[in-house]
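Me: I am learning to read protein models and would be grateful for some guidance. Please help me to take a close look at one part of the structure shown here.

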Amino acid sequence: MSNIDLTPLYRTVVGFDRLASMIDQASRLDGSQGYPPYNIERVDDNAFAIEIAVAGFTEDDLEIETKEGLLTVAGKRGENEDGEGRNYLHRGIAQRSFIRRYQLADHVIVTGANLQHGVLRIDLVRELPEEKKPRKIEIGAPAQTEPKLIGKKSASNAA
């Protein structure tokens, strides 16, 4: 992957530094790593699921963490579970340690995780705060508060 220099973007835009930081961070994530394979599913308009194939891992071997919009899934294999003393003719099931990172959009939270049949499923939901949700404004409805004009006295103050 080619490197992208975002320094000019930081110098020319004001207030978009968070967006530039997200682009910069996403470009540094290792997208070429293919282990373990995963799916990202849209379950509903505001619900998603990430499924990661983690054959051979137990719940104790896996760690899921979210911090500042970054979901990190790590799988750590114990040293003694490496298959020492076993004589493999072919070893095609990868059971090495891994770290997968996913950048979450604003207001997306992890609601649960489940490990079943070697597939780790992480459920996510986008929960918009009440002030961010669209609301319908009725035409002709009386204003709830009187607008305040700067520099002009209201009728009640003039008396």
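Among contacts in the protein between residues at least 6 apart in sequence, what percentage join residues at least 24 apart? After that, please look closely at the largest nonpolar core: which of its residues touch the most other members, and which elements give two or more residues to this core?

Reply: Please note at the outset that this is a predicted model. To take your opening question: of the contacts between residues at least 6 apart in sequence, 53% join residues at least 24 apart.

Some context will help before the close look. The protein has 159 residues, of which 19% are buried. Its accessible surface comes to about 13,000 Å², and carbon and sulfur atoms account for 50% of that surface. There are three helices and seven strands. Along the sequence they follow the pattern α-α-β-β-β-β-β-β-β-α, so that two helices precede the strands and one helix comes after them.

We now turn to the core. In soluble globular proteins, nonpolar side chains tend to be buried together. The largest nonpolar core in this model holds 16 residues, and Ile52, Leu71 and Val73 are the ones that touch the most other members. Two or more core residues come from each of strand E2 (47-53), strand E4 (70-75), strand E5 (98-103) and strand E7 (119-126).

Val73 is a good residue from which to explore further. Leaving aside neighbours within four places in sequence, Val73 is in contact with Ile52, Glu63, Ile64, Phe98, Ile99, Arg100, Tyr102, Leu120 and Ile122. Close to Val73 in the sequence is Thr72, which is found in strand E4. Thr72 has a relative accessible area of 17%, and it is counted as buried because the cut-off for that term is under 20%. When residues up to four places away in sequence are not counted, Thr72 touches Glu63, Ile64, Glu65, Ile99, Arg100 and Arg101. Glu63, Ile64, Ile99 and Arg100 therefore appear in the contact lists of both Val73 and Thr72.

Strands E2 and E7, which contribute to the core, also belong to an open sheet of four strands. The order of this sheet is E1-E2-E7-E6, and the pairing is antiparallel. Strand E1 (38-44) and strand E6 (108-116) each have a single partner strand and stand at the edges, so one side of each has no neighbour in the sheet. On average, neighbouring strands of this sheet are turned by 20 degrees against each other, direction ignored.

Let us follow the sheet to the pair E6 and E7. These strands run antiparallel and are joined by eight bridges. Within this region, Val110 stands opposite Leu124 in E7. E6 and E7 form a hairpin with two residues between the strands, where His117 takes a positive phi near 55 degrees. His117 is not a glycine, and at 77% relative accessibility it counts as exposed.

His107 offers a useful comparison. His107 lies in the loop between E5 and E6 and has a positive phi of about 70 degrees, although it is not a glycine either. With a relative accessible area of 32%, His107 is partly exposed.

How values were computed
Residues numbered from 1 in each chain as written. Predicted model: local features only at pLDDT ≥ 70, side-chain atom pairs only at ≥ 80, totals over all residues. Heavy atoms only, no water. Core = buried A, V, L, I, M, F, W, Y, C linked by side-chain atoms within 4.5 Å. Buried < 20%, exposed > 50% of the residue type's maximum accessible area, 1.4 Å probe, protein only. Contact = heavy atoms within 4.5 Å. Pairing = 2+ DSSP bridges. Axes fitted to C-alpha atoms, helices over the stretch in contact; angles between N-to-C directions. Areas by Shrake-Rupley, 256 points an atom, 1.4 Å probe, with all protein chains shown as cover.
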